[in-house]
Amino acid sequence: MKNKKANQNKEALKYRLLDHEADIRLEIYGNTLEELFSNAASGIFQFIVDAEGKDAEKGKRIEIEGNGELLINFLNELLFLWDTEGFIPKEFSLKVSHNKLTGTVAGCVFDPEKCTIKQEVKAVTYHKFYLKEENGIYKAQIILDV
Amino acid sequence: MEEKKTHIKKLDENRYIIEKHGNMNVDGIIYVNDELFQVLGTDESIKQVENVACLPGIVGASMAMPDIHWGYGFPIGGVAAFDVENGVISPGGVGYDINCGIRLLRSQLNAKEIKDRIKDIIDLLYLNIPSGVGSHRKDLKLSKEELKKVLKKGARWAVENGFGEKEDLEYMEDKGEMEGADPECVSDKAFERGKDQLGTVGSGNHFVEVGYISEIYDKETAETFGLFKNQITVMIHTGSRGFGYQVCDDYIREMIKASEKYGIYLPDRQLCCAPIESPEGKRYFSAMLAAANYAFANRQIITHWVRETFEKIFRTGSKTLNLSLVYDVCHNIAKIEKHTIKEGKKEREMQLCVHRKGSTRSFGPGGTVLPEKYKDIGQPVLIPGDMGRASYVLCGTKKAMDETFGSTCHGAGRILSRHQAIKASKGRSISKEMEEKGIIVKASSKTTLVEEMPEAYKDVSKVVQVVHNAGISKLVAKIIPLGCIKG
């Protein structure tokens with residue numbers, strides 16, 4: 001019974017913060033690749049900005065080629081949109097196939113009245129990166145340069 | 001883990017050696033004493049020194065300074081030099097914040113004169129200098145063509161556009177303008193990210209800090225650097241902002257392909273690289289130089305606003321306050337430098353690509369690259385500590401030229417993870433604690449303040465003691481903080 005509960009918790013868990021002296025290290029989970037990608041994005045933005053007070057108000061079409069690592073490219077693209085437009089992703093409708101990601105990200109634009117900035121994430125790095133499937137669950141590790 | 005440790009031996013009081021093993025091409029050398037070796041924390045940073053030693057064309061040793069800690073790819077505090085003829089250049093060996101660096105301004109003010117004004121100064125600095133994510137001055141927005149000029153000219157662009165004095169340029173590494181920067185090697189995305197961020201401090205450990213000289217260790221050198229006891233100083237720590245992050249990310253993707261193309265073994269993908277002389281290597285280097293110039297211009301513009309702030313507070317002209325540059329140093333960079341390499345009894349001069357990832361250049365006396373005023377004594381080395389303890393001014397040495405490709409440490413180095421820092425700060429007000437110590441801190445984000453609390457860092461005094469004792473830079477003066485603005 002206890003094990004079952006632990007498994008359920010693990011399934012519900014989107015990401016876990018692992019220790020790192022200087023940067024942020026996350027292990028991210030998902031039942032599908034798409035879910036893992038969405039969880040990674042919401043995970044990162046938890047560290048960047050608190051935008052609970054705002055709902056998604058616009059959608060962005062995203063198309064990422066897997067030159068390098070698809071997940072890292074996707075996350076760095078979101079950091080670019082945040083940096084240049086103040087775009088905060090909230091809802092994801094993604095499709096990952098053949099090392100290509102397409103879909104829509106719905107989000108809001110930073111509003112200093114309703115959002116609180118937490119910290120700057122410079123980039124998602126390739127250091128100790130992995131993305132693997134274990135017992136039907138996708139798992140990835142990313143380290144953020146902050 | 002035990003097996004790995006068998007390769008590590010104490011070399012002398014201030015150095016540990018990781019003997020070459022496995023795929024390492026050279027030894028690893030870490031500048032730490034016993035005490036700092038014990039707080040190395042995880043073995044990850046040691047592993048990173050080993051990984052760098054595996055890269056092709058590395059010369060001498062893969063080194064790390066006493067502020068070493070776990071980074072991504074290279075360790076923070078890492079120094080590695082590659083033979084220009086058969087070595088590599090790695091964006092991960094420079095980092096995302098290209099030419100993150102420090103500059104120090106001295107003044108004619110003394111600590112007593114500003115004691116009652118420090119809060120006003122910090123408040124006005126906070127108002128005048130954009131810090132934190134997303135903030136920028138509305139009066140500084142550049143077209144792409146103008147930004148290209150910044151990338152070519154660096155700090156000179158800033159001076160030509162009214163930010164500071166021509167004399168400032170003399171007191172920066174490479175005179176604040178690295179030759180060979182090519183805006184054509186920079187992506188549209190980097191331009192997009194860079195256009196609004198010039199003249200911004202950023203967040204994390206970046207800051208503008210007002211302090212005073214509390215101690216002088218070397219009177220003669222301090223005099224040459226224009227420093228005296230109780231003198232008010234201002235330190236600026238920032239880099240190339242989103243522009244640099246984008247350049248790094250763009251080229252890491254290219255270098256992952258290039259490493260495969262050139263058959264380079266990578267113990268960690270963040271170490272992806274290309275031969276310095278390859279088209280990929282040359283393109284990255286030209287783009288990196290552009291980002292380095294962006295950072296020089298950034299620090300120069302902020303310097304101008306620091307001066308304006310002081311002039312307004314003290315209602316006096318720039319000549320009276322004389323906020324002039326002691327020096328400006330880069331600590332995330334790759335530079336082509338000539339070094340004399342000892343091979344047995346023979347010596348030969350080599351052209352090297354020296355990567356400093358969280359490490360400061362520490363050139364000793366002589367050579368042609370130092371300002372006339374410092375030529376006979378060596379360059380100023382500026383080492384900031386955490387916001388609550390101290391910062392140091394040191395001087396470059398000949399021994400650094402002989403041992404570390406003219407390099408030394410760059411700061412204190414973290415010991416607590418950001419998560420641990422947040423835990424340790426529960427129920428405390430860091431800004432109040434700082435105020436009780438007599439230090440006024442203004443930060444745009446509470447998270448930054450907590451993560452940057454003094455106990456998250458090693459004691460910088462212990463770090464600089466190691467580089468001083470090892471002789472790779474020598475102590476000149478100590479600075480105690482009075483107040484700072486952070487992102």
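**Exercise 1. Surface and confidence of chain A**

How much area does chain A expose, and what share of it do carbon and sulfur atoms supply?

Solution. Chain A exposes about 6,800 Å². Carbon and sulfur atoms supply 44% of that area. The areas come from the Shrake-Rupley method with a 1.4 Å probe; for residues, only the protein chains shown count as cover.

The model is predicted: local features need pLDDT of at least 70, side-chain atom pairs count only at pLDDT 80 or more, and totals for chains, interfaces and linings use all residues. Residues are numbered from 1 along each chain as its sequence is written, chains are lettered from A and ligands numbered from 1 in the order in which they are written, and side-chain values use heavy atoms, with hydrogens and water left out.

Next, confidence. The mean pLDDT (the predictor's confidence in each residue, from 0 to 100) of chain A is 89. A score of at least 70 is reached by 90% of the residues. Among the elements of chain A, helix α1 (residues 2-12) has the lowest mean, 50. Strand β6 (residues 100-109) of chain A has the highest, 96.

**Exercise 2. Fold of chain A**

State how many helices and strands chain A has, then assess its compactness.

Solution. Count the elements: three helices and nine strands. These are DSSP runs, numbered from the N terminus (helices H or I, at least four residues; strands E, at least two). Their order along the sequence is α-β-β-α-β-β-α-β-β-β-β-β.

Now compare radii. The radius of gyration of chain A is 15 Å, close to the 15 Å that the globule rule gives for 146 residues, so chain A is as compact as a globular protein of that length. The radius is taken over C-alpha atoms; the rule is 2.2 Å times the number of residues to the power 0.38.

Then check burial. Of the 146 residues in chain A, 53% are buried. Buried means under 20% relative accessible area, exposed over 50%, partly exposed in between (1.4 Å probe, protein chains only).

**Exercise 3. Ser445(B)**

Is Ser445(B) buried or exposed, and which residues does Ser445(B) contact beyond its neighbours within four places in sequence?

Solution. Locate Ser445(B): the loop between β18 (440-443) and α16 (446-451) of chain B. Its relative accessibility is 4%, so Ser445(B) counts as buried. Leaving aside those neighbours, its contacts (heavy atoms within 4.5 Å) are Ile117(A), Lys118(A) and Gly487(B). Last, take the C-alpha distance from Ser445(B) to Ser203(B): 8.3 Å, across 242 residues of sequence.
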